[in-house]
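This report addresses the pairing of charged side chains and one of the pockets. The sequence and structure are shown below.

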Amino acid sequence: GPIPFSLILLSLLTIFSSCTKDFEETNENINAPELVAPQFLLSNVIYEAANNNASYGWLAGNFLAQHSSNLEFLPIDRYDLGSNTELWNASYKLLNDLESIKESESSNESYNAVADILRAYLAANLTDLWNDVPFSEALQGKSKENFTPSYDSQESIYTSAGGILDLLEKAALVLENSNAPIEGDILYNGNLGQWVKFANSLRIRYLLRISNKLDVGAAMTEIVNSGQMFMGNSDNAEIPYLSTAPNQWFIFTEREGRYADVRMSATSDSILHTFNDPRMSVLFKASVTSSNEGNPLFNGIPNGLSRDSQNAFNLSDVSLLGERFRDRPDGLSAVFMQYSELMFALAEARERGIITLDGAAFYYENGINANFEYLDLETSLDYIQNETVALNGNDHLNKILSQKWISLMMTGYEAWFNYRRTGLPVLNIPQDNLNNNIFPVRYRYPESEQAANSGNYNDAVDAIGGDTYNSKGWWEAF
């Protein structure tokens with residue numbers, strides 16, 4: 001499983017990453033990082049990518065999926081998403097670092113394969129957040145003097161040679177047969193077999209993502225039959241935050257307001273109460289009023305309310321997020337993907353007839369048990385057999401996707417992507433939204449793209465149907 005990384009290494013990396021923060025142009029290699037040994041680049045990419053996933057989960061993904069709602073009138077909670085230029089730049093910087101790993105003289109086939117797994121992960125995030133994006137030409141500034149990369153279609157980023165699924169499949173194959181050691185692996189401590197499982201688990205995530213467009217059954221079945229995928233929480237791809245600086249969860253060190261502005265959503269309130277779910281008291285805190293009265297109650301507030309609408313609520317009756325999100329510096333891990341997500345993906349695939357292995361209930365119950373275990377809770381048969389939870393009667397997909405939704409809290413934007421693909425669990429459009437009562441499906445492109453890459457930017461805008469929050473990607477069916 002994942003191991004806590006050494007503080008010395010991370011302090012060095014913090015210094016190194018702060019040197020590369022002034023990132024100006026997606027394609028400029030201004031700090032010549034090919035001079036940095038691949039193990040330091042690898043450590044930095046793993047940490048930064050995981051930390052971005054957790055941080056943006058808190059700052060955006062949880063609002064868009066309605067796990068939490070916001071009291072500070074963040075535009076994103078009211079569906080004015082902006083361009084998220086910071087994450088765009090950070091993602092391309094990490095892709096550039098992965099390219100430098102592959103170009104390094106001291107790299108080997110294992111480093112290259114691990115870099116390809118991370119490249120696939122970052123590419124999926126980019127296209128799922130912005131739709132068509134620069135990919136095949138994105139990092140050719142140094143090698144080909146190409147500072148105006150064309151945009152690839154989402155379909156080709158997923159399915160073409162050198163695209164997401166191809167990168168993962170080939171990387172897994174290399175690592176299954178490689179003896180070349182890697183260092184700086186703060187995720188799996190150089191265990192290449194674990195990276196194979198991670199690559200294949202990501203493949204199942206992304207195969208399911210495009211399953212409304214392509215027949216993915218054979219590829220999924222092959223992975224499941226191989227057994228080379230996550231088999232328990234010990235395989236999770238996640239980086240634990242530590243109790244000491246600088247590797248603490250950022251909300252632990254923020255002013256109180258940054259924590260107190262985030263509350264239980266009405267959606268979390270509704271879904272967790274429907275299941276009579278013991279995870280409620282781990283993910284959220286009982287309201288101040290009810291705790292003071294000795295009768296703890298959990299209450300959410302609708303997403304995206306204007307100041308006037310919020311005035312109708314007494315905030316001391318509204319739940320904060322759980323103590324693990326604030327009271328402990330190491331209460332969380334920064335998650336790429338967990339075993340529970342894989343199990344719910346297979347449960348859905350089985351329920352929809354994409355695969356025919358085992359029963360949907362087998363994967364579904366594994367997913368629930370894994371998430372309870374992850375949150376240090378005992379699962380009980382009573383819970384799984386409760387008629388609101390058990391896969392009996394109908395409504396199976398809603399139950400599977402609702403349980404998956406709970407388990408994806410803080411996993412970046414993953415729950416938002418799932419909702420855009422399936423429409424489940426049902427989310428209500430905020431009454432005070434700023435997007436004409438439409439559920440948003442993307443960020444706008446950064447203004448820097450309009451300025452520096454205007455020809456290709458304009459072509460991409462035409463291809464996706466406009467640079468708005470509502471231009472759906474290729475895989476979106478709902």
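## A buried arginine paired with a partly exposed glutamate

In this predicted model, Arg326 has a relative accessibility of 13% and is buried because that value falls under the 20% limit. Its salt-bridge partner is Glu256, with 3.2 Å between the closest N and O atoms. Glu256, at 44% relative accessibility, counts as partly exposed.

Glu256 belongs to helix H11 (residues 256-260), whereas Arg326 sits in the loop between helix H15 (307-310) and strand E6 (333-337). The pair therefore ties together parts that are 70 residues apart in sequence.

## A salt bridge with both partners buried

Which side chain meets Arg421 in a salt bridge? The partner is Glu348, at an N to O distance of 2.7 Å. Arg421 is located in helix H20 (residues 414-422) and Glu348 in helix H16 (residues 339-351), so this salt bridge ties together parts that are 73 residues apart in sequence.

Arg421 has a relative accessibility of 4% and counts as buried. Glu348 is likewise buried, its relative accessible area being 1%.

## A network and a further pair

Asp128, Arg205, Arg209, Glu341 and Glu414 are joined into one network by salt bridges that share partners. Side chains of opposite charge can pair when their charged atoms come close. The count of salt bridges in the model comes to 18.

Another of these pairs is formed by Glu254 and Arg258, whose closest N and O atoms are 3.2 Å apart. Is this pair made of buried or partly exposed residues? Glu254 is partly exposed, with a relative accessible area of 26%, and Arg258 is also partly exposed, at 27%. Both values lie between the limits of 20% and 50%, which is why the two residues fall into that class.

## The second largest pocket

The volume of the second largest pocket is about 340 Å³. Its lining comprises 20 residues, and those nearest the centre are Thr267, Ser270, Ile271, Pro425 and Val426. Two elements give two or more residues to this lining, namely helix H12 (266-274) and helix H19 (396-407). H12 gives the most, with five residues.

How many residues of each class make up the lining of the second largest pocket? Eight are nonpolar, 10 are polar and two are charged.

Terms used: Residues numbered from 1 in each chain as written. Predicted model: local features only at pLDDT ≥ 70, side-chain atom pairs only at ≥ 80, totals over all residues. Heavy atoms only, no water. 1 Å grid on protein atoms, 1.4 Å probe; cavity = no way out; pocket = protein on both sides within 12 Å on 5 of 7 lines; lining within 4 Å. Points joined across faces, edges and corners; volume = space filled by probe spheres on them. Helix = DSSP H or I, 4+ residues; strand = E, 2+ residues; numbered from the N terminus. Nonpolar A, V, L, I, M, F, W, Y, C, P; charged D, E, K, R; others polar. Salt bridge = Lys/Arg side-chain N within 4 Å of Asp/Glu carboxyl O. Buried < 20%, exposed > 50% of the residue type's maximum accessible area, 1.4 Å probe, protein only.
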